[in-house]
Protein chains: 2
Amino acid sequence: MKIKGFTAAAVAAGIRYQDRLDLGLIVSAPPAVTAGVFTTNQVKAAPVVLDMDRLKQGRAQAILVNSGCANACTGENGMEAALLSSKLLSTKLEIEDEMVLVSSTGVIGERLNVTAIQSSMDKLVDGLSETAFEDVAQAIMTTDTVSKTVFQTVTIDDHEIQFMGMAKGAGMIMPNMATMLSFVLTDAQISFPELQQSLRNANAKTFNRITIDGDTSTNDMVIIMANGTASNDWIDEENPKGQQLFQDTLEEVLKELALKIVSDGEGATKSITIRVCGARGENEAELMARTVANSSLVKTAFFGEDANWGRIIAAMGRSGVRFNPERVDIAFGDVLLVKNGLSLGKDVEARATEVLKQKNIALCIDLKDGIGCEEIYTCDFSLDYVKINADYRT
Amino acid sequence: MKIKGFTAAAVAAGIRYQDRLDLGLIVSAPPAVTAGVFTTNQVKAAPVVLDMDRLKQGRAQAILVNSGCANACTGENGMEAALLSSKLLSTKLEIEDEMVLVSSTGVIGERLNVTAIQSSMDKLVDGLSETAFEDVAQAIMTTDTVSKTVFQTVTIDDHEIQFMGMAKGAGMIMPNMATMLSFVLTDAQISFPELQQSLRNANAKTFNRITIDGDTSTNDMVIIMANGTASNDWIDEENPKGQQLFQDTLEEVLKELALKIVSDGEGATKSITIRVCGARGENEAELMARTVANSSLVKTAFFGEDANWGRIIAAMGRSGVRFNPERVDIAFGDVLLVKNGLSLGKDVEARATEVLKQKNIALCIDLKDGIGCEEIYTCDFSLDYVKINADYRT
């Protein structure tokens, strides 16, 4: 997997564990138009604070990312560590320090091991290659069980534009305006306002629609770099068709990454789409879908393959959305189980149970109150989720 | 355990399972001043709807309660079943039908087996005795592992007043203005407005401060019957001292029941008090404590006995309460682990881990922003929680 004008590398720096890739680097040959969206958690990790500031210029040339340590809640030391890491990289790459973005994921509250980063910097930079993106995707994994990458192309104004995206997820996932780490690279030539707007819009429909456990991380970020090497006509406000194509493709890339995060949620055995239709507005549909998606009782019932719609309607009832319980329809896949608030009986329930044995499940709720419709993507809640999170730091 | 002027009985009616107590009855010899608080879930079970209406009169004489079936989301049939159960009882007891309250807990969406109730009614009423309250507390259990009762006395105006309370809890517990089933009996002579107000106030500080899993049931209710057989001076607006004593005692009774529910939460291995101090107001303290208490990541870390304060501060950061992360102190028990947003080191963490091995744990958060302080009571999130809820209906 290659993408024009970008190189990448990853090494095992020993930041927390030995002998696993934990430090990654992405470099754009020319300075790239770069936009980002970041966590809305009030507690923001040092790299988030630094990158938010640096991206005001809308340009970047390198992303340095580590796993094993979130570099969050580490006070002044955290920002010093982020700045020092950046400086080590910019010196070695001979680029402006302001053109470096840093990113961290892992345990909160522990100091970043900058010595490990320093010792590995030569090897990291010397290892830059056109084919090492998959290594970076591996280096950012924490409790992820598989790395997550997407490659896509689109033709805009007779130029083939490439997109490459990577993400890590697994836990502490209920992004709000941004999600866990995701980096998207494109060779498109696009102006900064369009890039930022496209990212915001696509993110709202994708990463912001997933939830693993209702917890929002301190380190969430999605960054997109567009280095212009495709030499397409500039995508800007005078090129609405290019803009639309760019955004649609970006949304596809982010959606694919978002669904990969859900299907690899901590302990997940199933991917579940919660669709609420017939709400009075999209906001209400989203709020209700999110409440159902975050209910531990609903999620454990999915794990148990139990068509327990009572828990679903109980979660709907505490969502804050007004509706008439006696008008509600609930379906698992194409099996309508509840009609106007009442069960259609044991036979239908048996068929719904069959649907629950599948790996990908759609739960559809119709309130029949309006035309608001939204989807939230989530996973089930298994014994392994508890095992993983009871043992995470040991 | 006896209480003046009340009798009780319980039978195995076979409503869902055979050979376990599942139908309970409490009767007050004289009509009792009776108040209730009910679930705020928009989806309300038939018995909740019926009792809310009947309690407008502020009087009741009997409570008929079953487990195994919630009689929720069963449409017109649900209300018919509730009314028929009430009628069967009032006929047999020869009291006004309006003086009967009904209550149900168990699976949502299935029809109540009124035939089973009918067949058992004679045996139930004939079995009324002064000593069977513990049997009723057992009959209302679902995934509870122990029955929950409290007995307390207080002297008001030279009269000894008795209180007896019972409750069931276990799962779908984040009461909002009311909780799972709880019945409190007292021989106090008290007027209805005072009784209702005392119940509301005491409930707000007790049942409404606990959460097992963030889910609010469709069937929550707390009912208090005061039959006046203590012959104390009337507790009313002209007796503020009696009023205060009554409310304080009621609060103690409800708090003890609430803590029993938490320590018997589904799969719980630990009881945890989340105390947030130094907030700008009590509302903000409560909101933050509740967000931390409902975080799956925090709860699994407690189960894993891991002093993972990063998850705590991440949950605080998404609570919606504004605070300065660099001023936060966090303590487990009497071990201060985080001072001004920074860890006090590995040694202290080791001592905090020792605290986490205890069965009752206090987590104290100080924001240093004001004087708002509130507590929420919860439990940890264990493998057994998932096992119980993946298998509940099978």
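1. Leu297(A), Thr300(A), Ala301(A) and Phe303(A) of helix H8(A) meet Val386(B), Asn389(B) and Ala390(B) of helix H11(B), where two residues are in contact if their C-beta atoms, placed from the backbone, lie within 7 Å. By class, this contact of H8(A) with H11(B) has five nonpolar, two polar and no charged residues; Ala, Val, Leu, Ile, Met, Phe, Trp, Tyr, Cys and Pro count as nonpolar, Asp, Glu, Lys and Arg as charged, and the others, Gly among them, as polar. Helices (H or I, at least four residues) and strands (E, at least two) are DSSP runs, numbered from the N terminus.

2. A word on the model itself. The model is predicted, and local features need pLDDT of at least 70, side-chain atom pairs count only at pLDDT 80 or more, while totals for chains, interfaces and linings use all residues. Residues are numbered from 1 along each chain as its sequence is written, and chains are lettered from A and ligands numbered from 1 in the order in which they are written.

3. The geometry of the pair in the opening point can now be added: the axes of H8(A) and H11(B), the latter spanning residues 383-390 of chain B, come within 8 Å and cross at roughly 70°. Axes are lines fitted to C-alpha atoms, for helices over the stretch in contact, and angles run from 0 to 180 degrees between N-to-C directions. H8(A) and H11(B) are therefore roughly perpendicular to each other, given that angles under 35 degrees count as roughly parallel, over 145 as roughly antiparallel, 65 to 115 as roughly perpendicular and the rest as oblique. The crossing of H8(A) past H11(B) is right-handed; a crossing is left-handed if the near helix is turned anticlockwise from the far one by less than a right angle, and right-handed if clockwise.

4. A second helix pair between the chains is formed by H11(A) and H11(B), whose axes come within 8 Å and cross at roughly 170°, which makes H11(A) roughly antiparallel to H11(B). Leu383(A), Val386(A) and Lys387(A) on the side of H11(A), and Leu383(B), Val386(B) and Lys387(B) on the side of H11(B), make the contact. Its residues divide into four nonpolar, no polar and two charged.

5. Taken as a whole, the interface brings 50 residues of chain A into contact with 50 residues of chain B. On the side of chain A that touches chain B, the elements that give two or more residues are helix H8 (296-303), helix H9 (309-317), strand S13 (342-343) and helix H11 (383-391) of chain A, and H9(A) supplies the largest share, seven residues. By class, that side of chain A has 20 nonpolar, 21 polar and nine charged residues.

6. How many residues of helix H9 of chain B are buried? Nine of the nine residues of H9(B), residues 309-317, are buried, and this helix is mostly covered; a residue is buried if 20 or more other C-beta atoms lie within 10 Å of its own, exposed if 12 or fewer, and partly exposed in between. The cover over the buried residues of H9(B) includes helix H7 (282-294), helix H8 (296-303), strand S11 (329-332), strand S12 (335-339) and strand S14 (360-366) of chain B.

7. Chain A is divided into domain 1 (6-263) and domain 2 (271-391), with bounds that come from an automatic or database domain assignment. The centres of these two domains, taken over C-alpha atoms, are separated by 33 Å, and twelve residues of domain 1 of chain A are in contact with eleven residues of domain 2 of chain A. On the side of domain 1 that touches domain 2, strand S8 (210-211) and helix H6 (240-263) of chain A are the elements that give two or more residues, and H6(A) contributes the largest share, four residues. The residues of that side of domain 1 divide into six nonpolar, five polar and one charged.

8. Two single residues of chain A deserve a note. Ile212(A) lies in the loop between S8 and strand S9 (221-226) of chain A, and it counts as buried because it has 30 C-beta neighbours inside 10 Å. Ala285(A), found in helix H7 (residues 282-294) of chain A, counts as buried with 26 C-beta neighbours inside 10 Å. Leaving aside neighbours within four places in sequence, Ala285(A) is in contact with Val276(A), Cys277(A), Ala279(A), Gly372(A), Cys373(A) and Glu374(A).
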